[in-house]
Amino acid sequence: MWKSLRAQAMKPVCVLRMPRGPDGSSRGFDPTSERYLALCPTTISSSDSAVDSATFVEEQKARTVLRERYIRSLLAMVKKDVHFTMYERVKVNAVFGASDIDILNFQVSDLQTPLGVQKEALIRCPDIISYSFSIDAGLKD
Amino acid sequence: MAMRQTPLTCSGHTRPVVDLAFSGITPYGYFLISACKDGKPMLRQGDTGDWIGTFLGHKGAVWGATLNKEATKAATAAADFTAKVWDAVTGDELLSLAHKHIVKSVNFTQDSGYLLTGGQDKILRIYDLCKPDADPQEISGHTSAIKKALWCNEDKQILSAADDKTVRLWDRASMEVVKTLQFDTSVSSMEYIPDGEILIITYGKTVAFYNALGLDLIKTVDAPAPINSASLHPDKDFFVAGGDDFKLYKYDYNTKEELESYKGHFGPVHCVRFSPDGELYASGSEDGTLRLWQTAVGKTYGLWKCVLPEELVSENSDTLYGSTPEIKA
């Protein structure tokens, strides 16, 4: 009994805050964290330029084509209905608005969720497994 | 002045936490992984308990979880008959290794090249992570479900504990058993300390320390209640234990004296581990939480702040707060 009375009388150690819990909206593994950026480059690293310069130039050309094609695909998606397949068996539709410069977030409108339609939303790209849209589809204003 | 321990509660899991493991110390600090019956193991920053991410993919309770030293890979063992290997930086599932029954334990070699698994089918398996499609090497011998399997002696040997009340030491090259320890009751947990080759085994109310190379008994300590898990401090001066009475006990390893005990969890303690720097220990419980406890109560470390009397009346004091008293049922 004495031990617990003494314990109650002692001052408790102060804490700065409680440990942060899951944010509820994603599976975490923040791609902007120091560790992620250091250990997981978001692009496939290109060959060392010291390698055979002809191969290097060809590789750079291919990268340019692919990059431009991808950026144009994003432009083609604006105001179109896009179907997203995400982790945890989530499949949602939304109207695509824009991407941020690092292709880490997509701004969408009218996100159809089981809880209702979210007028405006941000979808975190690392949470997306795949997405598809029809190039010929009409625009959704 | 002696201070009262303020444990840090990490919430997020929705079912009992049954296993936890720390990584080594990396340039980004150290990390903690927790295995939970809700099927969603979580990665946390080791010194603060802050959630980093959840490994999504298992379809059943996760019974075992581990990290490699560098915290770049994680492995989990689950009731969905798979062991999975994950990228611990991105959270992506790298490999799913199918088994014939519930998997209970996973352990990486020092170079993260091989994964050891053990579970209800009583067979130890060694997977070469560079050749994941190849069949694993299999070691049979146990007559009941394997609870825990660990690499030891610089990955040249394997230690396994099973429900057949034995702990066995195996030679990896020959795949033969080197020594068997027989107990009267089931072993509840096993921890291996490479530095010093010490093995900690818990069974009933006993915490037993063995030399891992020859399985020679060093000493035993009896606790007031059945113990489910124990961990030895890296400096080998203290050990902590937790079990069915919901409490955490701290003992002097040399004198075997009980130094401190803490209430806090609302259910049996299933696992307890010291951090790699020994500054804190983490406990996982049936109540679904992880708690972080200071080794040196009152020291400034992680989220704990040593507040001197004069600081308490300063303008900045509203950012600091003591714990609210625990409700003791």
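This is a short talk on a predicted model with a chain A and a chain B, covering their interface, the salt bridges and the aromatic pairs.

Hi everyone, thanks for coming. Please keep in mind throughout that we are looking at a predicted model.

Let me begin with chain A. It has 141 residues, and 24% of them count as buried. DSSP gives it three helices and six strands. Walking from the N terminus, the order of elements is α-β-α-α-β-β-β-β-β. If you take the contacts in chain A with a separation of 6 or more, 40% of them come from residues 24 or more positions apart.

Now to chain B, and a word on annotation. An unreviewed UniProt entry lists "repeat: WD" for residues 55-96, 96-129, 139-180 and 262-294 of chain B. I looked at two of these stretches in the model. Residues 55-96 of chain B are 0% helix and 52% strand, with the end C-alpha atoms 13 Å apart. For residues 139-180 of chain B, the figures are 0% helix and 57% strand, and the end C-alpha atoms are 15 Å apart.

Next, the interface. How many residues of each chain are in contact with the other? On the chain A side there are 30, and they touch 50 residues of chain B. About 3600 Å² is buried between the two chains, and carbon and sulfur atoms give 63% of that area. Within chain A, the residues that lose the most area to chain B are A:Val13, A:Phe29 and A:Arg35, which together make up 23% of what that side buries.

There is charge pairing here too. Four salt bridges run between chain A and chain B, out of 19 over all chains. In one of them, A:Arg17 meets B:Asp50 with an N to O distance of 2.7 Å. In another, B:Asp92 pairs with A:Arg27, and their closest N and O atoms are 2.9 Å apart. That pair crosses from the loop between strands E8 and E9 of chain B to the loop between strand E1 and helix H2 of chain A. Are these two partners buried or exposed? A:Arg27 is buried, because its relative accessible area of 9% is under the 20% limit. B:Asp92 has 29% relative accessibility and so counts as partly exposed.

Staying with salt bridges, let's move inside chain B. B:Asp19 and B:Lys148 meet at 3.7 Å, N to O. This pair links strand E2 to strand E14 of chain B, with the two positions 129 residues apart. Both ends come out as buried: B:Asp19 at 9% relative accessibility and B:Lys148 at 18%. Then there is B:Lys299 with B:Glu279, at 2.8 Å. Here two loops are joined, one between strands E28 and E29 and the other between strands E26 and E27 of chain B, and the residues are 20 apart. B:Lys299 is partly exposed, at 37% relative accessibility. Back at the interface, shared partners join A:Arg17, A:Arg20 and B:Asp50 into one network.

On to the rings. The model has 15 aromatic pairs over all chains. B:Phe183 and B:Tyr210 are edge-to-face, with centres 6.5 Å apart and 80° between the planes. B:Phe183 sits in the loop between strands E17 and E18, while B:Tyr210 is in strand E20, 27 residues apart. Both residues are buried. For a stacked example, take B:Phe239 and B:Tyr251: 5.0 Å centre to centre and 5° between the planes. B:Phe239 is in strand E23 and B:Tyr251 in strand E24, so the pair ties together parts 12 residues apart in sequence. These two rings are buried as well, and ring pairs link them with B:Phe209, B:Tyr249 and B:Tyr253 into a cluster.

One member of that cluster, B:Tyr253, has the charged end of B:Lys219 over its ring, 4.1 Å from the centre. Elsewhere, B:Arg172 lies over the face of B:Tyr114, at 4.5 Å from the ring centre.

Last stop: B:His233, in the loop between strands E22 and E23 of chain B. What does B:His233 touch beyond its sequence neighbours? Its contacts are B:Phe238, B:Phe239, B:Phe274, B:Gly278 and B:Thr295. B:His233 is buried, with 6% relative accessible area. Its C-alpha atom is 8.9 Å from that of B:Glu279, though the two are 46 residues apart along the chain. We met B:Glu279 earlier, as the salt-bridge partner of B:Lys299.

That's my tour, thank you!

Notes:
Residues numbered from 1 in each chain as written. Chains lettered and ligands numbered in written order. Predicted model: local features only at pLDDT ≥ 70, side-chain atom pairs only at ≥ 80, totals over all residues. Heavy atoms only, no water. UniProt positions renumbered as here; feature names shortened; annotations may be inferred. Helix = DSSP H or I, 4+ residues; strand = E, 2+ residues; numbered from the N terminus. Phe/Tyr/Trp six-rings, centres within 6.5 Å; stacked < 30°, edge-to-face > 60°. Buried < 20%, exposed > 50% of the residue type's maximum accessible area, 1.4 Å probe, protein only. Lys NZ or Arg CZ within 6 Å of the ring centre and 35° of its normal. Contact = heavy atoms within 4.5 Å. Buried area = accessible area lost by both parts, 1.4 Å probe. Salt bridge = Lys/Arg side-chain N within 4 Å of Asp/Glu carboxyl O. Lists of a residue's contacts leave out its neighbours within four places in sequence.
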